Amino acid sequence: VKLYAAVDLGATNVRVAVGDERGFRGKLIEAIDVQNGADGITAQIARMIETLDVEELDAIGVGSIGPLDLASGRVINTPNLPFKDIPIIEPLSNALGVPVKLLNDCSAAVLGEHSYGAGRGLRNLVYITLSTGLGGGAIVDGHLLTGKDGNAHEVGHLTIDPCSELVCGCGCRGHWEAYCSGANIPNFARMLLKGAKGNVPIKPSTVERSFTTSEALFSAANQGDPLALWIVERIGEVNAIGFADAVNVYDPELITVGGSIALRNEALILDPIRKNIGRHLINRKPEIMITPLGDEAVLFGALALAKKE
Ligand SMILES: [Zn+2]
């Protein structure tokens, strides 16, 4: 039996698991060590794998936050960690003496969905994460698309409105992520409350409230707060545009959705997308569902990557 290590390198946490091709035997999750330079991160991953006590490891798969430079096996210029250049493949393969394979986290997730989740047997599949940031991965005609540097499917940076007052973390104006990522939803809420005025179907006194985190907004919406529900509906309308763009570009049979915002608020997120997507589609509407792999989609993808020939 071949043994593999799977790594999900996120913006705040790193997950490591070991297993064979059927699934995992052991898992660890830790906060990313940012105290010891870029090398400290790979040292941490190597230590976590060794902690899981694998004697005969065959390969390691890594699904990582981007952007990547796939040719040299590194993460470069990521806005989410305090290092410009994080080598992954070389230090990990030196430390553990096995081949290391690297993919963007959402590309890994769609591979995981294809191998272990709802996408088994499908040839056209898209995965979208709605979390602190927005991202996607795509398998088209049975092929995993990666792009020249490994950064295909940056769907969060599709433009919704180039004249928008919302500026994306990447510096561009009006990107999807500037409206609907966990980090930016409070900005969108503020814009809506400021601009909509008389159009907000809530009594003026309650409009004074603001939602300073996306958690607070969804928590209020889950309790039936009418203003929060109105904002969540507007978020869903923008998400529907982003999802429609992905459908028009990739023509998938299925879109699976992950990321903490979607996983915790299934109906609040998916219902408005399903309701509004048709207005923006030219392609036939695919099935849209929450990933059955939950918050381990990237980890399953890293396992599928590790065992890939
Ligand atoms: Zn952007």
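**Exercise 1. Arg 279 and its surroundings**

Task: Find which side chain Arg 279 makes a polar contact with, then decide whether Arg 279 is buried or exposed.

Solution.
- Start with the contact. The side chain of Arg 279 makes a polar contact with the side chain of Asn 276, at 2.9 Å. This is a predicted model.
- Place the residue. Arg 279 sits in the loop that runs between helix H10 (266–276) and strand E13 (287–290).
- Apply the cut-off. Exposed means over 50% relative accessible area. Arg 279 has 60%, so it is exposed.
- Look further off. Leu 122 is 157 residues away along the chain, and its C-alpha atom is separated from that of Arg 279 by 26 Å.

**Exercise 2. The whole protein**

Task: State how many helices and strands the protein has, and work out why it counts as compact as a globular protein of its length.

Solution.
- Count the elements. The protein has 11 helices and 13 strands.
- Compare two radii. The radius of gyration is 20 Å, and the globule rule gives 19 Å for 309 residues. The two values are close, so the protein is as compact as a globular protein of that length.
- Add the spans. The C-alpha trace covers about 65 × 45 × 35 Å along its principal axes.
- Check the burial. Of the 309 residues, 54% are buried.
- Check the contacts. Take those between residues at least 6 apart in sequence: 61% of them join residues at least 24 apart.

**Exercise 3. Surface and charge**

Task: Give the share of the accessible surface that belongs to carbon and sulfur atoms, and say how many positive and negative side chains there are.

Solution.
- Take the surface. It comes to about 13800 Å², and carbon and sulfur atoms account for 49% of it.
- Count the charges. There are 27 positive and 36 negative side chains.
- Locate the two sets. Their centres lie 7 Å apart.

**Exercise 4. Lys 27 and helix H11**

Task: Identify the side chain that pairs with Lys 27 in a polar contact, and find how many residues of helix H11 are buried.

Solution.
- Place Lys 27. It belongs to strand E3 (residues 23–31).
- Judge its cover. Partly exposed lies between 20% and 50%. Lys 27 has a relative accessible area of 43%, so it is partly exposed.
- Find the partner. The side chain of Lys 27 makes a polar contact with that of Glu 296, at 3.0 Å.
- List the contacts. Beyond neighbours within four places in sequence, Lys 27 is in contact with Val 16, Ala 17, Leu 52, Glu 296 and Leu 299.
- Look at one of these. Ala 17 is 10 residues from Lys 27 in sequence, and their C-alpha atoms are 4.2 Å apart.
- Turn to another. Leu 299 is among the buried residues of H11. This helix spans residues 297–307 and is mostly covered, with 10 of its 11 residues buried.

**Exercise 5. Two helix residues**

Task: Decide whether Ser 214 and Arg 234 are buried or exposed, and name what each one touches.

Solution.
- Recall the cut-off. Buried means under 20% relative accessible area.
- Take Ser 214. It is found in helix H7 (residues 214–222). Its relative accessibility is 4%, so it counts as buried.
- Name its contacts. Outside the neighbours within four places in sequence, Ser 214 is in contact with Gly 182, Ile 185, Pro 186 and Ile 261.
- Take Arg 234. Its place is in helix H8 (residues 226–250). At 18% relative accessibility, Arg 234 counts as buried too.
- Name its contacts. Not counting residues up to four places away in sequence, Arg 234 touches Phe 188 and Leu 192.

**Exercise 6. Backbone details**

Task: Say where the cis peptide bond is, and find the value of phi for His 153 and for Asp 251.

Solution.
- Find the cis bond. It joins Gly 66 and Pro 67, with omega about 0°. Pro 67 lies in the loop between strand E4 (57–64) and strand E5 (68–69).
- Read His 153. Its phi is near 65°, a positive value in a residue other than glycine. The loop between strand E11 (143–144) and helix H4 (176–180) holds His 153. At 7% relative accessibility, His 153 counts as buried.
- Read Asp 251. Its phi is positive, about 50°, although it is not a glycine. Asp 251 lies in the loop between H8 and strand E12 (254–258). At 44% relative accessibility, Asp 251 counts as partly exposed.

Note on methods:
Residues numbered from 1 in each chain as written. Predicted model: local features only at pLDDT ≥ 70, side-chain atom pairs only at ≥ 80, totals over all residues. Heavy atoms only, no water. Helix = DSSP H or I, 4+ residues; strand = E, 2+ residues; numbered from the N terminus. Buried < 20%, exposed > 50% of the residue type's maximum accessible area, 1.4 Å probe, protein only. Polar contact = N/O pair within 3.5 Å; in protein donor to acceptor, adjacent residues only side chain to side chain. Rg over C-alpha atoms; globule rule 2.2 N^0.38 Å. Contact = heavy atoms within 4.5 Å. Areas by Shrake-Rupley, 256 points an atom, 1.4 Å probe, with all protein chains shown as cover. Lys, Arg positive; Asp, Glu negative; His and termini not counted. Charge placed at Lys NZ, Arg CZ, Asp CG, Glu CD.
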